[in-house]
Amino acid sequence: MLNIVVCVSGGGTNLQAIMDAVSNGQITNTKIAGVISNNPGAFALERAQKAGIPSFCISPKSYESREDFNEAFLAKMDELNPDLIVLAGFLVVIPEKMIQKFKNRIINIHPSLIPSFCGTGYYGLKVHEAALDRGVKVVGATVHFVDEGTDTGPIIYQKPVMVEEGDTPEVLQRRVMEQAEWIILPKAIDAIANGKIKVKDGKVVQA
Ligand code: GRF
């Protein structure tokens, strides 16, 4: 059984997709051990509570320093002791110590086809604004392992989504969520839970 902790900051639609996939059997051999948010107002926390999943808010604003927050965040993660950490719309930089301790055991969903529109400053709606500004015709989402960089770890799955005439950033964001994020993130968790993939020479391959 793969124990996962899902880290969230906002609406939690990716968390909801994971919870639904566990319930309907699209994700097997997996248990959501907990949900952690940095944002006390995150609707994702309400989604977790409604589903009876232990949820915790650990906000950097509640700590004197970033180091103190990092320590508290890591302590809670150690307490939950997951096999896999899933960053689902999580907007906090992951502490170096956590990345080292959970090497190739942290995954992230990013709303673009990495290496486009990713890295520092590219998150949430900003990603879609940049894609529309550039005039690309195809966007999509990427789920990847987290390493020391920003959106630079080994890519697990990607899924393309077409840009349509007249798209606003909000409309495009929603389509990327519906047609890509909510599909490849659960798929990646199920693949890891059932030993279907591994990292070899910095690339994800079939196990
Ligand atoms: C989404 O745009 C997602 O791609 C990004 O965070 C945003 C909010 O996701 N990672 P959610 O609704 O909180 O899952």
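User: What makes H6 stand out in the shell around the ligand?

Analyst: H6 gives the largest share of that shell, three residues. Helices here are DSSP runs of H or I, at least four residues, and strands are runs of E, at least two, numbered from the N terminus. This is a predicted model: local features need pLDDT of at least 70, side-chain atom pairs count only at pLDDT 80 or more, and totals for chains, interfaces and linings use all residues. Residues are numbered from 1 along each chain as its sequence is written, and side-chain values use heavy atoms, with hydrogens and water left out.

User: Which residues surround the ligand?

Analyst: Among them are Gly-10, Thr-13, Asn-14, Gln-173 and Glu-181. A residue counts as near if one of its heavy atoms lies within 4 Å of the molecule.

User: What makes the link between Thr-13 and the ligand a polar contact?

Analyst: A polar side-chain atom of Thr-13 lies 2.6 Å from a ligand oxygen. A polar contact is a pair of N or O atoms within 3.5 Å; within protein, one must be able to donate a hydrogen and the other to accept it, and residues adjacent in sequence count only if both atoms are side-chain atoms. For Gln-173, a side-chain N or O atom is 3.1 Å from an oxygen atom of the ligand.

User: Why is Ser-37 called buried?

Analyst: Its relative accessibility is 0%, so Ser-37 counts as buried. Buried means under 20% relative accessible area, exposed over 50%, partly exposed in between (1.4 Å probe, protein chains only). Ser-37 lies in strand S2, residues 30–37. Its side chain reaches the backbone oxygen of Val-8 at 3.0 Å.
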